[in-house]
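Hello,

Here is the structure I said I would pass on. My notes on it follow below.

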Amino acid sequence: MWVLFWLQAAMLSEMRVTGSRCRCLLLAVSLPVSISLCRAQSPQETDSAMENIVTEKKAEESHRQDSADLLIFIMLLTLTILTIWLFKHRRFRFLHETGLAMIYGLIVGVILRYGVHVPRDVSNVTMSCHVNASPATLLVNVSNRFYEYTLKGEIRGDDVQDNEMLRKVTFDPEVFFNILLPPIIFHAGYSLKRRHFFRNMGSILAYAFMGTVVSCFFIGLLMYGCVVLMKYLQQLDGEFFFTDCLFFGAIVSATDPVTVLAIFNELQVDVDLYALLFGESVLNDAVALVLSSSIVAYQPEGDNSHTFEVMAMLKSFGVFLGVFSGSFALGVVTGVVTALISFFTKLRDFQLLETALFFLMSWSTFLLAEACGFTGVVAVLFCGITQAHYTFNNLSPESQDRTKQLFELLNFLAENFIFSYMGLTLFTFHSHVFNPMFIVGAFIAVFLGRAANIYPLSFLLNLGRRNKIRSNFQHMMMFAGLRGAMTFALAIRDTATYARQMMFSTTLLIVFFTVWVCGGGTTQMLSCQRIRVGVDSDQDNSRRSTKQESAWLFRIWYNFDHNYLKPILTHSGPPLTATLPPCCGPLARFLTSPQAFENEGPLKDDDSDLILTDGEINLSYGDITVSTDATGAHSAFPSAGGAGAATSDDLDKELAYGDHELVMRGTRLVLPMDDSEPSITELQPHIRM
């Protein structure tokens, strides 16, 4: 450094002929240069600066690559939407949008696999570091500087220099569970048609719980026999235990007939068939997830973790009940808390805040359940049902429309993204294991397991149903057992072992076949089975006999919910002053909102369809029975046990002051036990008398 200063002094002495201004400028320029030259002499600082530059360049390149990867999926969804419009415009029903998304994903996967090759940089790969395990997090000491690395998965020796693009388009499985699945499951519960769902509640629960368990063990036993045969023929390259077979039976028992239900909705297929399929698919996804978790939790004592033990089996059964019950309770509690917040605050005056709170509370249910060790799918499903039943009535009309449209949009995008990724994964996943014998055995087991679910349970259910599940309905339900997003998400969540990799590859083929073949043949199957289409659910009176088979249970629930829970949690329903005893008057007035006294009472209640009729609610006011349908139209006729006929003036007075009568008298539910109900034209002469 002193040498540099001496050189500067010599240069200045030789340039005395120049002016003072030039000397000052030279000094000002040369001094920073000398200091920078002095600093550049440190090799550690030079290496650090170069390392920072390289790191910034790599980060910029990684950002560009990630943007290109996301752009691929955005283009896939865009193409899918445009093709859907074309199909709807031309009235093509042989392929659903999910099937289209899978086809586009396959095409892009082929292009990325064989057309685009971005080799991985292996110049800094160290092949000689040996450890006894694969830690989730690795700290590396490089010149006394520690770097943290996270485990992404196993890479085979011949895949070290594989396509970098294929690695980039492979997502973390947790992305599906924490980001893509919650809106799909919540939308299923939030958009549930509760009228038809509760009308067939017993059958839906039987298919969802008993049927899924039967299907799981049936498929597991058949696949275990297939695995034993494969071992005998030396067709297995790794270990495959009975618990793996049961796990495979659990994940492929989750049905997702989104294609069939879309066609059902478009063609207006029989509402009971639609309710049975939709209700089963909504609940059995949750049951299959909890069942698979219970199978993974099966841990017998001793060194061999794959032997049969009664205590371990009972423990797994207890885990199943505990996880499902806890998730159910957590989802309901979160929905009730959201209803109370919207009930006791005036968020409805600020629609944006109201919608944002609703969205965050709904999504946090999934994450809260997962953080507590429960199942987020079950929690968010029942949270959606609770939100639709209670919180929806407290929202402003703008927020009601916003929440419906928001979750419908998120469901559409997430579902099509998953199906696009399915097609892409067939060519981008590195650890596929395709075994022809296992694949054939899996297809046979899946269809036989579906048959073991539908036909025996339908026979048992028909013993107690007045409205029988006909044979053509059973064949359609058997045919409509498609596999979809939940099956794929469960299969891709763990692909660490040879058995899980084989199950994942086989699951992909099963999803492709059921979506394309079974989903594409829905219209032909409906025609073959002669199932009615074009059915108006609000005017279909031929199905009202189903209310008789479940009225004994839901009459109790509806009366309790309508008279006590709805007034406490919502602004709809009768005031508590009309339903609670007189001694509870102060408490009733405190818990009842002012809107409950001002609204139109139960006639305006959107959830009155839980009475299990086709959208009608009958309320008795003295000798007059007032009936309203889903559109809000009123009709009235004398009660069967009335003391006399009502005049038109009396009827007008009852309709005009019906709300005040509700406050004074309360409500009484009327459920006719016969299918024949008088029409309005037949009742007019009696009303005018």
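To start with one residue: does R500 count as buried or exposed? R500 counts as buried, because its relative accessibility is 13% and the cut-off for buried is under 20%. Please keep in mind that this is a predicted model.

Salt bridges: there are four by the rule used. One of them joins R500 to D494, with the closest N and O atoms 2.9 Å apart. D494 is partly exposed, at a relative accessible area of 33%.

A second pair is E280 and R450, where the closest N and O atoms are 2.7 Å apart. E280 sits in helix α11 (residues 271-296) and R450 in helix α16, so this salt bridge ties together parts 170 residues apart in sequence. Both ends are buried: E280 has a relative accessible area of 1%, and R450 has a relative accessibility of 4%.

E60 and R64 also form a salt bridge, at 2.7 Å from N to O. They are four residues apart in helix α3 (residues 43-90), which means about one helical turn separates them. E60 is partly exposed at 41%, while R64 is exposed at 55%.

Surface: V214, F218, L222, V440, I444 and L448 make up a nonpolar patch with about 480 Å² of accessible area together. The elements giving two or more residues to the patch are α8 (201-232) and α16 (436-462). L222, in helix α8, is partly exposed, with a relative accessible area of 35%.

Helix packing: the axes of α4 (residues 97-115) and α19 (residues 498-520) come within 9 Å and cross at roughly 130 degrees, so the two helices are oblique to each other. The crossing is left-handed.

Regards

Methods:
Residues are numbered from 1 along each chain as its sequence is written. This is a predicted model: local features need pLDDT of at least 70, side-chain atom pairs count only at pLDDT 80 or more; totals for chains, interfaces and linings use all residues. Side-chain values use heavy atoms; hydrogens and water are left out. Patches are made of residues with over 30% relative accessible area and no salt bridge: like charges are joined within 9 Å, nonpolar side chains (Val, Leu, Ile, Met, Phe, Trp, Tyr) within 5 Å. Accessible areas come from the Shrake-Rupley method with a 1.4 Å probe; for residues, only the protein chains shown count as cover. A salt bridge is a side-chain nitrogen of Lys or Arg within 4 Å of a carboxyl oxygen of Asp or Glu. Buried means under 20% relative accessible area, exposed over 50%, partly exposed in between (1.4 Å probe, protein chains only). Axes are lines fitted to C-alpha atoms, for helices over the stretch in contact, and angles run from 0 to 180 degrees between N-to-C directions. Angles under 35 degrees count as roughly parallel, over 145 as roughly antiparallel, 65 to 115 as roughly perpendicular and the rest as oblique. A crossing is left-handed if the near helix is turned anticlockwise from the far one by less than a right angle, and right-handed if clockwise.
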